[in-house]
Amino acid sequence: MRYAQHKGGQKLHLAYELEDGLTQPICGKKVDGYRATFNVPLGNACKNCRRRLNSKAFEPKKFIRKYYE
Ligand SMILES: [Zn+2]
């Protein structure tokens with residue numbers, strides 16, 4: 001799990017690490033890459049990502065698996 005920033009000044013989205021990069025944000029936003037990534041949220045994480053992470057319906061393994069299909 002990484003906190004990833006798409007553009008300067010924007011909120012940090014949550015993304016998972018892949019063998020060759022990161023997933024898209026788990027909130028469903030589509031980005032064309034990240035400007036910076038962090039291990040800690042720095043108090044500025046995307047609310048939608050946090051909501052998705054806390055949702056019982058969210059399955060990280062399933063989310064990651066589709067990147068390898
Ligand atoms: Zn997000």
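A nonpolar core here is a set of buried Ala, Val, Leu, Ile, Met, Phe, Trp, Tyr and Cys residues joined through C-beta atoms within 7 Å. Buried means that 20 or more other C-beta atoms lie within 10 Å of a residue's own; exposed means 12 or fewer, partly exposed is in between, and C-beta atoms are placed from the backbone.

Before you start: the model is predicted, so local features need pLDDT of at least 70 and side-chain atom pairs count only at pLDDT 80 or more, while totals for chains, interfaces and linings use all residues. Residues are numbered from 1 along each chain as its sequence is written.

**Exercise 1. Get the overall layout of the protein chain.**

Step 1: list the elements. Helices (H or I, at least four residues) and strands (E, at least two) are DSSP runs, numbered from the N terminus. You should find two helices and five strands, in the pattern β-β-β-β-β-α-α along the sequence.

Step 2: check compactness. The radius of gyration of the protein chain, taken over C-alpha atoms, is 11 Å, and the globule rule (2.2 Å times the number of residues to the power 0.38) gives 11 Å for 69 residues, so the chain is as compact as a globular protein of that length.

Step 3: add the extents and burial. The C-alpha trace spans about 30 × 25 × 20 Å along its principal axes. Buried residues are 14% of the 69.

Step 4: look at contacts (C-beta atoms, placed from the backbone, within 7 Å). Of those between residues at least 6 apart in sequence, 56% join residues at least 24 apart.

**Exercise 2. Work out the sheet that holds β1 and β2.**

Step 1: find the pairs. Two strands pair if DSSP finds at least two bridges between them. Strand β1 (residues 2-5) and β2 run antiparallel, joined by four bridges.

Step 2: set the register. Tyr-3 stands opposite Leu-14, and Gln-5 opposite Leu-12.

Step 3: extend the sheet. It is open, has three strands in the order β2-β1-β5, and pairs antiparallel. At the edges are β2 and β5 (36-38), each with a single partner strand, so one side of each has no neighbour in the sheet. On average, neighbouring strands are turned by 35 degrees against each other, direction ignored.

Step 4: inspect the connection. β1 and β2 form a hairpin with six residues between them, and Gly-9 in the turn has a positive phi of about 85 degrees. Gly-9 is exposed, with 7 other C-beta atoms within 10 Å. Its C-alpha is 9.9 Å from that of Asn-44, 35 residues apart along the chain.

**Exercise 3. Trace the largest nonpolar core.**

Step 1: start from β2. In a regular strand the side chains alternate between the two faces of the sheet. In β2 (residues 12-15), Leu-12 and Leu-14 point one way, His-13 and Ala-15 the other, and all are buried.

Step 2: collect the members. The largest core has eight residues: Tyr-3, Ala-4, Leu-12, Leu-14, Ala-15, Ile-26, Cys-46 and Cys-49. β1 and β2 each supply at least two of them, and the largest share, three residues, comes from β2.

Step 3: zoom in on Leu-14. Not counting residues up to four places away in sequence, Leu-14 touches Met-1, Tyr-3, Pro-25, Ile-26, Ala-45, Cys-46, Cys-49 and Leu-53.

Technical notes:
Contact = placed C-beta atoms within 7 Å. Axes fitted to C-alpha atoms, helices over the stretch in contact; angles between N-to-C directions.
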